[in-house]
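Please open the structure in your viewer and keep the selection tool at hand. The stops below are meant to be taken in order, with a pause at each one to look around.

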Amino acid sequence: MLCDVWKDRAELYKENMDCQQWKQNANQLEAWLTDREKLLGDDWRHVDTAEAAENQLREYDDFLVTLEAQGEKCEQVKRLTLLEQNYS
């Protein structure tokens with residue numbers, strides 16, 4: 001009986017840890033997207049100089065590279081947590 005209670009508690013802790021990891025990944029991804037939101041919202045038609053246009057293009061290229069690197073974080077947030085899997 002005590003072993004059953006212990007196993008149930010261990011499963012509950014495992015589900016909780018998985019939910020906390022999902023939450024952390026979601027918060028990190030949201031913060032990253034919020035930081036990049038200005039870059040995507042900039043109106044490129046109002047660039048004053050060629051140097052400014054080159055800087056914006058360079059920033060956008062950097063964004064695309066980091067977006068690809070963030071793909072794993074996106075996949076981690078899309079997945080179902082253990083809690084959702086066990087109770088759905």
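The tour that follows goes through a predicted model, beginning with pairs of helices and then turning to single residues.

**First stop: α1 and α2**

Select helix α1, which covers residues 2–41, together with helix α2, which covers residues 50–69, and look at how they pack: the angle is about 150 degrees, and the axes lie 11 Å apart. Because angles over 145 degrees count as roughly antiparallel, α1 is described as roughly antiparallel to α2. The crossing of these two helices, α1 and α2, is left-handed. To see the contact itself, show the side chains of Trp32, Arg36, Leu39 and Leu40 on α1, and then those of Glu59, Tyr60, Phe63, Thr66 and Leu67 on α2. Colouring the contact of α1 with α2 by class should give six nonpolar residues, one polar residue and two charged residues.

**Second stop: α1 and α3**

Keep α1 selected and add helix α3, residues 71–78, whose axis comes within 9 Å of the axis of α1 and crosses it at roughly 135 degrees. How are α1 and α3 oriented to each other? They are oblique, and their crossing is left-handed. On the α1 side, pick out Trp22, Asn25, Ala26, Gln28 and Leu29, which meet Lys73, Cys74, Gln76 and Val77 of α3. Sorted by class, the contact of α1 with α3 holds five nonpolar residues, three polar residues and one charged residue.

**Third stop: Asn25**

Within that contact, centre the view on Asn25, a residue of helix α1. Is Asn25 buried or exposed? With a relative accessibility of 11%, Asn25 counts as buried, since the cut-off for buried is under 20%. If neighbours within four places in sequence are set aside, the residues in contact with Asn25 are Lys73, Gln76 and Val77.

**Fourth stop: Asp18**

Stay on helix α1 and move to Asp18, which is buried, its relative accessible area being 9%. Which side chain makes a polar contact with the side chain of Asp18? Select Arg79, whose side chain makes that polar contact with the side chain of Asp18 at 2.9 Å. Apart from residues up to four places away in sequence, Asp18 touches Thr81 and Leu82 as well as Arg79, so it is worth displaying these three residues together.

**Fifth stop: Leu12 and Leu83**

Select Leu12, also in helix α1, which counts as partly exposed at 45% relative accessibility. A distance drawn from the C-alpha of Leu12 to the C-alpha of Leu82 should read 9.7 Å, although the two residues are 70 residues apart in sequence.

Next, select Leu83 in helix α4, which is partly exposed, with a relative accessible area of 36%. Show Glu15 and Cys19 alongside Leu83, which touches both when residues up to four places away in sequence are not counted. For a wider view, draw the line between the C-alpha atoms of Leu83 and Leu29, which are 54 residues apart along the chain and separated by 21 Å.

**Last stop: Tyr87**

Finish at Tyr87, which is found in the segment after α4, the helix of residues 82–86. Tyr87 counts as exposed, with a relative accessibility of 65%. From the C-alpha of Tyr87 to the C-alpha of Cys3 the separation in space is 22 Å, while in sequence these residues are 84 residues apart.

Terms used:
Residues are numbered from 1 along each chain as its sequence is written. This is a predicted model: local features need pLDDT of at least 70, side-chain atom pairs count only at pLDDT 80 or more; totals for chains, interfaces and linings use all residues. Side-chain values use heavy atoms; hydrogens and water are left out. Axes are lines fitted to C-alpha atoms, for helices over the stretch in contact, and angles run from 0 to 180 degrees between N-to-C directions. Helices (H or I, at least four residues) and strands (E, at least two) are DSSP runs, numbered from the N terminus. Angles under 35 degrees count as roughly parallel, over 145 as roughly antiparallel, 65 to 115 as roughly perpendicular and the rest as oblique. A crossing is left-handed if the near helix is turned anticlockwise from the far one by less than a right angle, and right-handed if clockwise. Contact means heavy atoms within 4.5 Å. Ala, Val, Leu, Ile, Met, Phe, Trp, Tyr, Cys and Pro count as nonpolar, Asp, Glu, Lys and Arg as charged, and the others, Gly among them, as polar. Buried means under 20% relative accessible area, exposed over 50%, partly exposed in between (1.4 Å probe, protein chains only). A polar contact is a pair of N or O atoms within 3.5 Å; within protein, one must be able to donate a hydrogen and the other to accept it, and residues adjacent in sequence count only if both atoms are side-chain atoms.
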